[in-house]
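Me: I would like to go through how the strands and helices of this model are arranged. Please show it first.

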Amino acid sequence: MSEETPTSETLANLLKENRRFEPPAELAADANVKADAYDEAASDREAFWAKAADRLTWDTKWDKVLDDSKPPFFKWFTGGKLNAAYNCVDRHVENGKGDKVAIHWVGEPEDDTRDLTYADLKREVSKAANALASLGVATGDRVAIYMPMIPEAVIAMLACARIGAPHTVVFGGFSADSLASRLDDCNAKVVVTSDGGYRRGSPAALKPAVDEALTKTDVVEKVLVVRRTGQDVEWNDDKDVWWHDVVDSASEDHTPEAFDAEHPLYVMYTSGTTGKPKGILHTTGGYLTQASYTHWSVFDLKDDDVYWCTADIGWVTGHSYIVYGPLANGVTQVLYEGTPDSPERGRWWKIVQEHKVSIFYTAPTAIRSFMKQGPDVPGRFDMSSLRILGSVGEPINPEAYVWYRHVIGGDRTPVVDTWWQTETGAMMISPLPGVTAGKPGSAMKALPGIDADVVDDEGNSVPNGSGGYLVVSSPWPSMLRTIWGDDDRYVDTYWSRFKAKGFYFAGDGAKKDTDGDIWVLGRVDDVMNVSGHRLSTTEIESALVSHPCVAEAAVVGATDADTGQAVVAYVILREGVDQGEHIEKDLSDHVRKEIGPIAKPRSIMIVPELPKTRSGKIMRRLLRDVAEKRDIGDTTTLADSSIMELISAGQATSTED
Ligand code: WTA
């Protein structure tokens with residue numbers, strides 16, 4: 001982000017969103033959380049979080065809600081003891097909910113399904129905990145989980161939590177090298193994996209990547225392998241153990257031990273500005289408190305809801321909003337193994353219809369890809385069970401928000417745009433569906449008990465109508481505790497930018513609109529400076545996506561001799577639209593109309609696909625390389641590496657008039 005603050009004229013141009021969606025009256029009347037929660041939390045934050053922590057079952061009550069004696073190494077609920085797996089599983093069985101379905105698992109091959117009740121889950125988690133212990137895993141040892149979206153992935157995570165062995169789940173799409181570096185970094189004693197999983201109709205192998213990773217690191221003692229696809233696997237008798245051999249024969253009885261509130265629960269690796277991934281450490285009591293509270297409040301969870309979060313278990317969203325938050329709340333949820341379009345484009349909506357999903361949580365990148373296909377695909381299904389829709393992972397463009405609400409939600413459903421990060425552990429900024437009049441594209445304001453702000457270079461709060469850096473100004477229960485094995489990097493990365501103020505710097509730019517509501521603009525390195533005006537790639541992308549011909553757009557700032565940076569746009573057109581001859585000129589005029597002449601792209605390239613990481617984030621760095629006519633940098637984290645060749649081979653069309 002540039003050093004200067006934007007002019008009010010720029011911001012006025014940037015913001016032209018007048019649509020508002022009031023909460024449905026019935027939902028508002030019966031909402032879990034009402035407007036008074038903000039005041040309650042503001043008057044005594046610690047008492048507010050203590051009440052939220054009471055949602056959990058503790059073996060020993062805490063002495064202190066927040067220990068802030070050694071910032072930024074904060075501790076929550078010190079002296080308290082609990083077991084995360086007991087909270088997610090056993091206590092529901094003890095409360096008479098043993099027969100309630102915890103997981104409706106849907107395999108990718110049709111009719112390959114499995115339902116697990118809370119009683120089933122208790123049995124399976126206990127057996128897996130006993131099996132891990134028999135393989136030598138002790139409290140404090142790390143276990144890596146490298147699996148497809150099958151129930152055993154959730155069972156393995158909970159089994160680790162049950163014995164106090166922090167897990168590190170590595171996304172199944174990562175390469176053997178990435179897996180090896182993570183195994184090494186956290187010194188994982190055991191890896192839990194499977195022979196493979198189903199992906200677009202065929203079995204995709206996983207174990208070979210583990211085998212290869214184990215040639216690059218020698219920290220791993222045992223590999224526990226679930227048989228999912230039945231495909232052939234190499235077998236090393238010294239290390240490899242079948243899940244069905246050791247788990248199926250293990251005892252169903254396992255007494256969960258209570259661990260300290262600050263006992264490590266998991267390490268989740270995420271990319272930073274330098275090459276080496278950061279192992280984000282989350283602990284037990286505060287994390288589970290905020291994951292559970294936010295899942296209950298932001299989705300207004302009721303006992304008969306059917307919840308579905310489409311994230312992969314390999315990302316933080318899968319941790320907080322498939323495993324820990326929802327299961328701590330005793331939810332019934334859908335877990336789906338495959339891709340949205342296998343065997344047909346309507347697969348997700350068919351699952352919504354069949355399981356009568358009422359709360360649905362997904363990412364803007366998925367929503368935009370459905371927009372591209374048009375409304376007919378979801379239109380074939382009855383989705384009247386949906387009552388709340390959520391979005392996470394990147395800024396949602398106003399057009400995508402309105403499409404999501406209208407086409408998927410039938411105009412009944414509030415859309416909650418939830419801002420948070422791997423580091424924050426749980427949601428931080430989001431509407432409350434029974435309270436907030438939503439604005440398409442805005443995450444609105446910090447949740448009760450959270451202090452977030454937008455500040456200038458000196459860390460001073462910017463006035464409404466201005467932009468700056470997004471910070472969290474007080475500690476929160478589910479915050480990261482450190483970067484695994486690297487306290488200095490933790491302090492440097494997150495706490496040094498606004499050291500004097502003691503703020504956590506999230507790395508995102510944001511603005512406050514005239515009502516003080518927050519619009520997250522994306523990572524600060526995605527913010528451009530054109531002729532001294534600060535422009536967000538996200539805003540220009542939203543403008544492009546609001547054009548009827550556009551399905552998806554990515555914008556980068558390319559170095560420009562005249563203007564410092566210039567806007568370069570990459571655009572995917574919707575299928576089957578009549579784009580006309582002058583599509584690039586039309587789009588450029590459209591951006592000029594939506595935002596102002598300053599945002600007009602220097603060039604627009606029509607492309608068949610955009611370069612994305614496996615988690616769906618657009619890799620703007622690569623697009624910047626093309627825009628600046630450099631050799632294309634490292635493409636190893638791309639989901640599909642052939643895309644950059646297609647894009648570089650295309651013709652950039654100048655739209656200068
Ligand atoms: C972005 C995912 C705008 C943001 C939970 C953040 C968002 C990064 C939103 C964290 C949102 C996430 N609106 N931007 N609702 N949610 N982001 O660690 O840039 O994979 O810093 O966590 O995603 O991504 P992460």
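Reply: Two strands pair if DSSP finds at least two bridges between them. Strands (E, at least two residues) and helices (H or I, at least four) are DSSP runs, numbered from the N terminus. This is a predicted model, where local features need pLDDT of at least 70, side-chain atom pairs count only at pLDDT 80 or more, and totals for chains, interfaces and linings use all residues. Residues are numbered from 1 along each chain as its sequence is written, and side-chain values use heavy atoms, leaving out hydrogens and water.

Me: Which strands are the edge strands of the open sheet with the order 5-4-17-16-18-19-20?

Reply: This open sheet has seven strands and mixed pairing. An edge strand pairs on one side only. The edge strands are strand 5 (113–117) and strand 20 (415–417).

Me: Which residue is the bridge partner of W308 in strand 17?

Reply: Strand 16 (residues 306–309) and strand 17 (residues 332–336) run parallel and are joined by three bridges. The partner of W308 in strand 17 is V334.

Me: Which residue of strand 24 is the bridge partner of Y469?

Reply: Four strands form another open sheet, in the order 21-22-24-25, with antiparallel pairing. Within this sheet, strand 22 (residues 467–472) and strand 24 (residues 504–512) pair over five bridges. The partner of Y469 is G509.

Me: What phi does K356 take just after helix 13?

Reply: Helix 13 covers residues 347–355. Just after this helix, K356 takes a positive phi, with a value of about 50 degrees.

Methods: Buried means under 20% relative accessible area, exposed over 50%, partly exposed in between (1.4 Å probe, protein chains only).
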